[in-house]
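Hi everyone, thanks for coming. Today I'd like to talk about aromatic rings and what sits around them.

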Amino acid sequence: MRRKAIVIHPFLITALLILLTGCTDTWLTSGDFRPEASGPEGQVSVVIDSTLWAGVVGARIRDSIGGPIGTLPSQEPMFDIQAVQITTSHALESAMTRKNVLVVAAVNDTLSEESRFVRRSLSAEALASIADGEGVVLPRKDLWRKRQQVFYVMASTPDSLASTLKKGAEGIVARLNEAARQRLQREMFDVGRQQVIEEYLMDNHGYAIHGQHDYVVAIDTSQFVWLRRTLSDTWRSLFVYYEEGANPNDLTAEWVLDTRDTLTRQYIQGTAGGWVEIDRRQRVDSSASGFKDRFGYEVRGLWHMVGRENGRKFPFGMGGPFLTYAFYDEHSHRLYLIDGMVFAPNFPKREFLRQMEVIAYTFRTRQDVANNEEP
């Protein structure tokens with residue numbers, strides 16, 4: 001999915017560059033010996049005044065960044081939100097070690113410690129620009145630690161802050177998800193990566209995805225490959241399908257849903273004679289979006305196992321979340337469909353599904369490799 005834009009007012013760009021200068025905009029710069037950011041991957045530490053947190057600004061953060069994911073079987077937030085007030089220097093220092101940090105302040109407030117912290121970080125010109133104009137969302141990578149994503153959200157008043165968050169929330173969430181994918185990819189594949197699976201896929205199908213250490217190839221046909229990871233109480237599944245000589249005009253949200261159901265009915269069946277299909281009784285989200293610079297669709301929803309008895313289709317009672325990326329590759333003239341799904345009863349599903357997203361984003365073709373495009 002393409003990164004959502006976070007727009008900074010042009011008159012503020014130069015002034016804001018003074019904000020804590022010296023930090024890097026890359027995940028790992030040679031010679032950077034600082035410790036890595038810590039904390040849960042799906043948690044955002046929000047440095048914010050208690051009054052703002054209790055009011056409309058806090059509500060906006062909880063709703064837009066910590067709001068529920070509608071395509072999971074039970075309620076889970078997009079990100080777990082941890083509010084931090086600067087009551088002591090230790091509280092601030094602890095927040096500055098975390099992977100995801102949001103610093104939120106109304107710069108006209110001269111009393112709160114959070115606003116004072118932000119004001120100390122800005123030039124007089126930047127403060128005057130914010131006080132007289134619109135709010136700003138300033139993203140910074142690796143600000144205090146390596147592999148860290150920080151946002152400064154600044155405006156003159158609480159109402160302006162709430163408006164700024166409303167406009168910028170989608171971009172903030174997109175960048176947080178991108179940062180999480182980058183960190184998780186390193187964590188998942190630095191040790192135990194199965195290069196043999198990747199070489200096999202590239203040699204036989206012209207594409208590859210990273211092979212995590214305990215995945216196995218369950219099915220391999222001419223155009224469909226199914227990888228599985230099965231444990232005693234959970235399993236994860238990822239399959240890749242492609243059509244040769246495809247017409248990009250065929251790629252629609254309906255094509256994605258129908259093709260997925262056709263494939264899972266044919267290839268992903270239960271031991272009792274059932275098969276996997278999309279649970280269309282539940283919410284299904286689909287959006288046209290780029291996948292690694294290719295036109296495509298992203299679809300998220302719930303799958304369930306179904307079967308037939310006496311001519312009637314009925315659910316077997318097992319299921320879970322899935323995500324699908326479908327896209328057209330112009331160089332090979334292929335339509336691709338990459339699908340990840342999770343079965344994890346009695347466990348939260350958000351982070352399991354994020355792992356499937358990470359694997360999908362390691363996709364590359366022979367042409368990508370020839371162009372030195374890293375996953």
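I'll go through the ring pairs, then a cluster, then charges over rings.

A word on the basis: this is a predicted model, where local features need pLDDT of at least 70, side-chain atom pairs count only at pLDDT 80 or more, and totals for chains, interfaces and linings use all residues. Residues are numbered from 1 along each chain as its sequence is written, and side-chain values use heavy atoms, with hydrogens and water left out.

Rings of Phe, Tyr and Trp (its six-membered ring) pair if their centres lie within 6.5 Å; planes under 30 degrees apart are stacked, over 60 edge-to-face, and the rest tilted. That rule gives 19 aromatic pairs. One of them is stacked: Tyr207 with Phe363, at 5.9 Å between centres and 25° between planes. Tyr207 belongs to strand E6 (a DSSP run of at least two residues), while Phe363 is in the loop between helix H10 (a DSSP run of H or I, at least four residues) and strand E15. So the pair ties together parts 156 residues apart in sequence.

Are these two rings buried or exposed? Buried means under 20% relative accessible area, exposed over 50%, and partly exposed in between (1.4 Å probe, protein chains only). Tyr207 is buried at 1%, and Phe363 is buried at 0%.

Now the cluster: Tyr207 and Phe363 join Tyr242, Phe291, Tyr325, Phe327, Tyr336 and Tyr361 in one aromatic cluster.

Tyr242 also has the charged end of Arg334 over its ring, 3.9 Å from the centre. For that, NZ of Lys or CZ of Arg must be within 6 Å of the ring centre and within 35 degrees of the ring normal. Arg265 lies over the face of Trp275, at 3.9 Å from the ring centre.
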